[in-house]
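Me: I have just opened this structure and would like a friendly tour. Could we go through it together, one question at a time?

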Amino acid sequence: MKKFTVVLLMIIAGCSDSKMDAPLLKDMTSINYTRHEFYHPPEDVNGDLLTLVYDIPYFGACGVFPPLHIANQTFSSGGGDGGMSPGASWNPFTINQNQYDILLNQVLETPASELEGKSRFNFVKFIRDNSFDNIQDQFDWLEAVCVKHRERYRLENEKYQKGV
């Protein structure tokens, strides 16, 4: 079951083996990427890094924002079309510690409602849990984080669905 879950998440997230030799992102305020939806044509978007992370399906695990080394595994993958699920794709890049700190501050300080109309997955605000930062692999991190946070995330999604 674990292997199936990891493979499924790789397909959904559009992530393959990370290319950590991707170039460093030069401008956090202007990133070109493409949104993918199963029944709609791809949509080209220009947004900032905060908008992008809320536009990447499953960027965080169960609503938890990843540490730098996990975020860079996603960023350096270039995303994907998501197959029958939503997706996002971009030119691969990485970010440095300073850029990560700026992004994390934006994630923690920006109300998710401010991203309405800019990104697709802003209905549950990311939280940060650094107790999993020692896990190096993206999919091992995702699995471990969701064991702890799945129920909280489910309840947050339920509140959103009910408009609470």
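**A guided tour in questions**

Reply: Happy to help, and a good place to begin is with strands β4 and β5, which pair in the antiparallel sense over two bridges. Please keep in mind that this is a predicted model.

Me: Which residue in β5 stands opposite G80?
Reply: The pairing of β4 with β5 is antiparallel and has two bridges. Across from G80, the residue in β5 is A88.

Me: What is the order of the strands in the open sheet of four strands?
Reply: β4 and β5 pair with each other, and β1 and β5 also pair, in the antiparallel sense over four bridges. β1 pairs with β2 as well, over six bridges. Put together, the open sheet has the order β2-β1-β5-β4.

Me: Which strands stand at the edges, with one side left without a neighbour in the sheet?
Reply: The order of this antiparallel sheet is β2-β1-β5-β4. An edge strand has a single partner strand, so one side of it is left without a neighbour in the sheet. The strands at the edges are β2 and β4.

Me: How many residues lie between β1 and β2 in their hairpin?
Reply: Strand β1 covers residues 31-37 and strand β2 covers residues 40-47, and they pair in the antiparallel sense. Within this pairing N32 stands opposite N46, and the bridge partner of Y33 is V45. The two strands form a hairpin, and the number of residues between them is two.

Me: Which residue of β5 stands opposite H36?
Reply: β1 also pairs with β5, over four bridges. There, H36 stands opposite a residue in β5, namely G87.

Me: Are the β5 residues G87, A88, S89 and W90 buried or exposed?
Reply: In a regular strand, side chains alternate between the two faces of the sheet. In β5, G87 and S89 point one way, while A88 and W90 point the other way. Whichever way they point, all of them are buried.

Me: How many helices and strands does the secondary structure of the protein chain come to?
Reply: From the N terminus on, the elements run α-β-β-α-β-α-β-β-α-β-α. The secondary structure thus comes to five helices and six strands.

Me: Why is helix α3 described as largely enclosed by the rest of the structure?
Reply: The buried residues of α3 are L68, I70, A71, N72, Q73, T74 and F75. They pack against α2, β4, β5, α4 and α5. The helix is largely enclosed because its buried residues number seven of the eight.

Me: What is the relative accessible area of T51?
Reply: T51 lies in helix α2. Leaving aside neighbours within four places in sequence, T51 is in contact with Y33, L115, K118 and S119. T51 is buried, and its relative accessible area is 6%.

Me: Is D21 buried or exposed?
Reply: D21 lies in the loop between α1 and β1. D21 and S76 are 55 residues apart in sequence and 7.7 Å apart in space, C-alpha to C-alpha. Exposed means over 50% relative accessible area. D21 has 70% relative accessibility, so it counts as exposed.

Me: Which cysteines form a disulfide?
Reply: The count comes to one disulfide. The pair links distant parts of the chain, 84 residues apart, from the loop between α2 and β3 to helix α5. Both cysteines are buried. With their sulfur atoms 2.1 Å apart, they are C62 and C146.

Me: Is that disulfide left-handed or right-handed?
Reply: Handedness follows from the torsion about the S-S bond, which is about 110° for C62 and C146. The disulfide is therefore right-handed.

Me: What is the volume of the second largest pocket?
Reply: Rolling a probe the size of a water molecule over the atoms shows where empty space is left. The lining of the second largest pocket includes P23, L24, I31, N32, W90 and F93. These lining residues divide into seven nonpolar, three polar and one charged. The volume of the second largest pocket is about 150 Å³.

Me: What percentage of the 164 residues is buried?
Reply: Residues 24 or more positions apart account for 66% of the contacts with a separation of 6 or more. As for burial across the protein chain, the share of buried residues is 48%.

Note on methods
Residues numbered from 1 in each chain as written. Predicted model: local features only at pLDDT ≥ 70, side-chain atom pairs only at ≥ 80, totals over all residues. Heavy atoms only, no water. Disulfide = S-S within 2.5 Å. Buried < 20%, exposed > 50% of the residue type's maximum accessible area, 1.4 Å probe, protein only. Pairing = 2+ DSSP bridges. Contact = heavy atoms within 4.5 Å. 1 Å grid on protein atoms, 1.4 Å probe; cavity = no way out; pocket = protein on both sides within 12 Å on 5 of 7 lines; lining within 4 Å. Points joined across faces, edges and corners; volume = space filled by probe spheres on them. Nonpolar A, V, L, I, M, F, W, Y, C, P; charged D, E, K, R; others polar.
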